[in-house]
Amino acid sequence: MPSGAEVEDSVTSSLNEMLKKKGLNSFFKKTYSTVSGRKEPDITIEMPSGIFLLEAKLPPAGLPQAMSQAGEYKETIGQTEHVKGIFAVVYTSGIKKDYDAWFAFDSRFELEKFKNLEDLAGWIAQKVIETPKPLAPVNTQKIIEMLDQNVALINQNMQAVHASEIEEIFGGRDFFSTVLDYEQESRISDAALKNAASYLLLNQILFYQILSNEVADYQKINARELKEAGELHTKYFSRVLKDDYQPIFGFNVAAIIRGTEATSAVRTAIQAVQLLSPQMLSHDLLGKIFHNLIPLSLRKVVAAYYTNSEAGELLADLAIEKKNDKVIDPACGSGTLLVAAYNRKKSLYGKFEQDQHTRFLENEIFGADIMPFAAHLAAVNLALQAPLNFTNTVNIAIRDSTELAPGVKITAVKDVIKESYQNSKLTEFENGFRTPKPRIKKGAVDLGNGNGSSIKLPKFDVVIMNPPFTRFQRIPPRFKEKLQKRFDLPRYKNMVHGQLGLHGYFLLLADKLLAPNGRLAAVLPITTISLESFYGIVSFLLREYSIEHAIVSTGRAAFSENTSLREMLLVARKHEPLPEHRIKFTFIHASPEELSVAKAHTIAENMKVFDTEEEANDDFYIRQENQVNLLDDNSSIRDLYRMITLHSPQLVRVDEKIKKYFSSANKFERLGDVEERENWKISENPRGVEEKGYYCLSLLGDSGKPMKEHDVWLIEEETETLLKVKHRFNCQAFRIPKTCVMPQFRRFSGQERMKLSSPRDYLVVRQFPEFENFVKASALADQKRAAGIRNSIREGGWERFVLKNSARVFGFYRGNVTAPGSSFLSIRSSTPTFAGPGGSWVFQMPDKNDSLVQMWLNSSIVFYLMLRDRKETEGGFMELDKYVFENLPYPKKDLVDPKTLADLEREVSKLKFPSLLEQFQTSSEGRRMIDHFFLEHAGMPKEEQDRFLKLLYETMSKELLRLKGVMGK
């Protein structure tokens with residue numbers, strides 16, 4: 001079997017032959033004599049203008065190793081030869097496919113991926129032949145991708161380091177604690193701790209590279225002469241520490257990296273970073289790199305998902321009007337929004353100088369975060385905007401932001417980043433008992449070696465923030481009590497209550513901090529304007545603020561990283577709205593990560609000057625609505641949410657048409673009113689049934705359905721009186737009389753017909769001769785639960801529970817409407833059926849209503865209304881709260897011809913329905929039959945019905961495809 005080196009040489013030799021066939025003067029393993037000894041690049045390409053060197057690696061080596069080696073060849077061979085450019089290649093998936101290729105030329109570089117060797121050879125040939133042409137602009141994401149591999153390389157060699165050594169550097173794991181002090185967040189894992197240390201060391205190397213390029217006093221790092229990693233601090237970083245940047249270089253991570261392999265990894269990372277020229281590491285670009293390099297695993301642990309930087313630039317452009325505006329972000333995280341504010345203020349100056357940088361950081365830009373690690377990131381991120389302009393203090397407070405208010409003083413703490421957080425050490429455990437932990441100091445980050453100063457918070461011109469979206473259920477009770485006391489003010493009456501999410505309190509905090517006529521600029525989940533628990537705050541904003549902009553993306557739904565929540569950008573002025581004031585609703589077509597900074601600025605400028613009814617172009621769709629019309633009641637607040645969901649002119653036209661015909665009082669009434677008058681019961685399928693042993697009692701009749709681990713019993717055979725079932729895993733089989741089971745409805749997906757004429761799935765509700773053995777065969781690990789199941793069955797409690805929660809009509813509650821198996825929003829059974837935990841609303845009502853309810857819920861009108869008013873999570877996955885059903889229009893039963901309805905039901909019951917998406921794309925027969933029936937009932941003229949359905953189906957197709965694409969991302 002060939003060795004790894006032999007395989008690597010074989011592939012590289014093949015690559016060399018391909019390059020020759022493309023007309024290049026290419027050599028495999030050509031030898032050069034240098035002052036450092038013999039050097040043998042994997043491939044040398046000789047051109048009249050100079051030579052190109054290529055180094056290739058096979059896993060587990062990665063791009064940093066290949067780049068480092070190529071860089072060394074350039075330096076050594078370049079002493080006698082003119083090295084025009086270098087390539088680094090990694091065969092990422094072995095030898096047959098997937099190649100990472102890096103090319104550096106004239107202080108620029110490109111990073112690409114290829115699926116086959118032929119394409120890679122073509123790209124190399126093109127770069128060699130076209131080198132006189134400038135390369136493409138630097139792609140920040142590709143720099144981040146390459147640097148991230150350097151973090152991984154350092155991290156691999158961090159595994160031998162004991163976690164206690166890293167704790168000593170950070171002053172304990174409380175360095176990563178959050179305001180809510182969740183157990184899973186405060187107890188950061190050893191792996192995440194080491195990842196954080198690796199990240200910070202790479203950041204130190206990056207930052208030093210910037211300084212040494214611009215300051216003659218700072219000697220460039222000589223990686224080849226580095227005998228051990230600790231010399232980074234003693235020979236290089238300590239020199240910078242004498243001047244400034246304590247938060248950056250105050251963590252001596254390099255000192256704990258020991259051993260030949262570990263030092264070699266650090267050398268490789270240094271050499272890879274040094275291949276990035278000053279042009280690639282411009283200050284604004286480095287700030288973005290700095291933010292994005294934070295390891296995702298660490299972000300997950302500390303719940304630190306930060307704003308997309310382009311979205312931050314857009315928000316700052318809209319919110320900051322004057323160059324001397326005072327700005328605060330009370331949940332600043334890594335400082336993305338503060339940097340965006342810095343850039344916006346800087347752009348308002350004709351010429352930007354040192355004193356302006358100092359004034360920004362010391363007097364005009366403020367931030368706060370409870371997590372010291374986040375405060376560290378924000379302070380450094382702001383300092384990076386002018387790394388040679390020293391400032392003693394950056395106004396980043398480390399404290400619970402909800403305590404802040406104008407006039408509150410925050411005392412700057414010397415060396416606060418490290419010294420104030422040495423709380424978790426082995427000395428806390430004396431004689432087997434943990435001594436009391438000192439309280440974490442609160443203060444402002446001090447970047448210098450002075451004693452710091454006191455910050456007295458002013459009233460602010462702008463509050464810009466992406467507040468934590470913690471649900472009220474996850475806020476610890478004691479902290480919730482503190483929040484309610486802090487905001488127990490007459491101005492906030494009826495807004496503060498036990499079901500208010502954490503970002504609600506941050507909205508009230510922003511109101512406290514803002515000066516009159518100041519601006520609020522926030523990234524918020526869409527649920528802020530759709531959940532009833534926020535109605536008080538939304539009503540307050542509508543009364544007390546002039547909402548200027550509400551912005552969403554029709555691409556990826558979120559403006560924050562790594563969240564599936566749909567988000568919006570909100571800009572509002574603290575000024576009571578005038579009668580003529582209109583809100584601008586903007587729908588950006590690109591996903592946030594697809595926006596460039598330049599595009600974000602262009603869109604912001606267009607939004608500012610927009611002053612017509614609506615405008616649609618390739619970049620965005622924008623329209624205006626009068627704010628005063630939304631001040632009436634809760635239904636107006638829901639109208640505000642609906643305006644966010646109508647993201648295209650087509651959806652607006654559909655909405656106008658539906659309002660015209662389906663708000664008619666003489667043909668329709670509110671479904672909630674019918675429910676109350678007729679004594680219906682609409683309830684969510686019961687939760688917690690797994691505690692009652694549901695899954696071991698559930699019998700599945702369709703083995704082709706997607707199965708989960710808890711789906712264990714499959715029906716192998718069914719007769720009129722008996723079911724034969726078999727366990728999926730242990731293969732035990734039982735015969736169960738049908739008198740001991742009831743039909744059940746598991747989930748909407750996979751249903752092809754609108755009516756369940758016979759059940760596919762059943763549920764055991766009574767004992768049968770082999771019941772005891774059946775429960776044992778279910779292999780429940782929890783014996784207490786198994787005993788509870790037996791008792792519940794014997795005493796009849798389980799059967800009574802199932803009967804109580806059975807019905808004949810089910811409505812869609814939770815699921816993915818874009819999935820191939822999603823065909824209906826309502827399913828009807830011919831017999832009373834139990835709804836399992838599959839996301840259903842259970843409609844319990846007299847049988848005479850079944851048909852009309854089901855047909856109406858499956859109409860395109862209802863689907864549109866549900867899609868408009870849904871609780872969106874990610875893409876096509878959505879939830880429908882009960883109030884959505886209750887506020888639906890419902891046909892007045894007395895005005896519906898029962899014979900025509902019966903004929904419709906009989907015809908559509910014969911049909912198999914494709915997915916909802918396909919129904920709209922093909923104008924399927926069943927869908928058209930249902931829709932024409934209700935359009936006729938609404939009084940829409942026949943000649944108008946076809947035109948309207950064409951518009952509706954095309955619009956719904958586009959919307960479902962959009963949602964499907966969002967989920968795919």
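Biologist: Which residues does Arg753 touch, leaving out those up to four places away in sequence?
Modeller: In this predicted model, Arg753 touches Phe824, Ile827, Ser909, Lys910, Leu911 and Lys912. Touching here means having heavy atoms within 4.5 Å.

Biologist: How do you know that Arg753 has a partner from elsewhere along the chain?
Modeller: Take Phe824: it sits 71 residues from Arg753 along the chain, yet their C-alpha atoms are separated by 8.6 Å.

Biologist: Okay, and where does Arg753 sit?
Modeller: You'll find Arg753 in a loop, between β30 (741-745) and β31 (755-756).

Biologist: What makes Arg753 count as partly exposed?
Modeller: Its relative accessibility is 34%. Buried needs a value under 20% and exposed one over 50%, so at 34% Arg753 counts as partly exposed.

Biologist: Let's try Leu226. Is Leu226 buried or exposed, and how do you know?
Modeller: The value for Leu226 is 1%. The cut-off for buried is under 20%, so Leu226 counts as buried. Leu226 belongs to the loop between α7 (190-214) and α8 (231-241).

Biologist: What does Leu226 touch, again leaving out residues up to four places away?
Modeller: Glu231, Leu232, Tyr236, Thr263, Val266, Arg267 and Ile270. As for C-alpha atoms, those of Leu226 and Ser264 are separated by 9.0 Å, with their positions 38 residues apart along the chain.

Biologist: And Gln945: buried or exposed?
Modeller: Gln945 comes in at 3%, and since buried is anything under 20%, Gln945 counts as buried. This residue is part of helix α35 (residues 942-968). Among residues further than four places away in sequence, Gln945 touches His932, Leu935, Glu936 and Met940.

Biologist: How do you know that helix α30 is mostly covered?
Modeller: Check the helix residue by residue. α30 covers residues 860-869, and 10 of its 10 residues are buried. Those are Ser860, Ile861, Val862, Phe863, Tyr864, Leu865, Met866, Leu867, Arg868 and Asp869.

Biologist: Now for some geometry. Why are α13 and α14 called oblique to each other?
Modeller: The axes of α13 (residues 309-319) and α14 (residues 336-347) cross at roughly 50 degrees, coming within 8 Å. Roughly parallel needs an angle under 35 degrees, and roughly perpendicular starts at 65. An angle of roughly 50 degrees fits neither, and therefore the two helices are oblique. The crossing of α13 past α14 is right-handed.

Biologist: Which residues make that contact?
Modeller: On the α13 side it's Ser309, Gly312, Glu313, Leu315, Ala316 and Asp317, and on the α14 side Thr336, Leu337, Ala340, Ala341, Asn343 and Arg344. By type, that contact has five nonpolar, four polar and three charged residues.

Biologist: What about α14 and α15: at what angle do their axes cross?
Modeller: Roughly 130 degrees, and the axes of α14 and α15 (residues 354-364) come within 11 Å. Roughly perpendicular stops at 115 and roughly antiparallel needs over 145, so α14 is oblique to α15. α14 passes α15 in a right-handed crossing.

Biologist: Who's involved in that contact?
Modeller: Tyr342, Lys345 and Lys346 from α14 meet His357, Phe360, Leu361 and Glu364 from α15. This group holds three nonpolar residues, one polar and three charged.

Biologist: What makes the phi of Lys29 worth a look?
Modeller: Most residues other than glycine have a negative phi. Lys29 isn't a glycine, but its phi is positive, about 60 degrees. Lys29 lies in the loop between β1 (25-28) and β2 (32-34).

Biologist: And what about Asn679?
Modeller: Asn679 also isn't a glycine, and its phi is positive at about 60 degrees. Its loop runs between α24 (671-677) and β25 (681-684).

Biologist: How exposed are Lys29 and Asn679?
Modeller: Lys29 has 24% relative accessibility, between the 20% and 50% cut-offs, so Lys29 counts as partly exposed. Asn679 has 67%, which is over 50%, so Asn679 is exposed.

Biologist: Stepping back, how many of the chain's residues count as buried?
Modeller: 58% of the 969 residues. The chain has 35 helices and 39 strands.

Biologist: And what share of the contacts joins residues 24 or more positions apart?
Modeller: 74%, taken over contacts with a separation of 6 or more.

Definitions and conventions. Residues numbered from 1 in each chain as written. Predicted model: local features only at pLDDT ≥ 70, side-chain atom pairs only at ≥ 80, totals over all residues. Heavy atoms only, no water. Helix = DSSP H or I, 4+ residues; strand = E, 2+ residues; numbered from the N terminus. Buried < 20%, exposed > 50% of the residue type's maximum accessible area, 1.4 Å probe, protein only. Axes fitted to C-alpha atoms, helices over the stretch in contact; angles between N-to-C directions. Left-handed = near helix turned anticlockwise from the far one by under 90°. Nonpolar A, V, L, I, M, F, W, Y, C, P; charged D, E, K, R; others polar.
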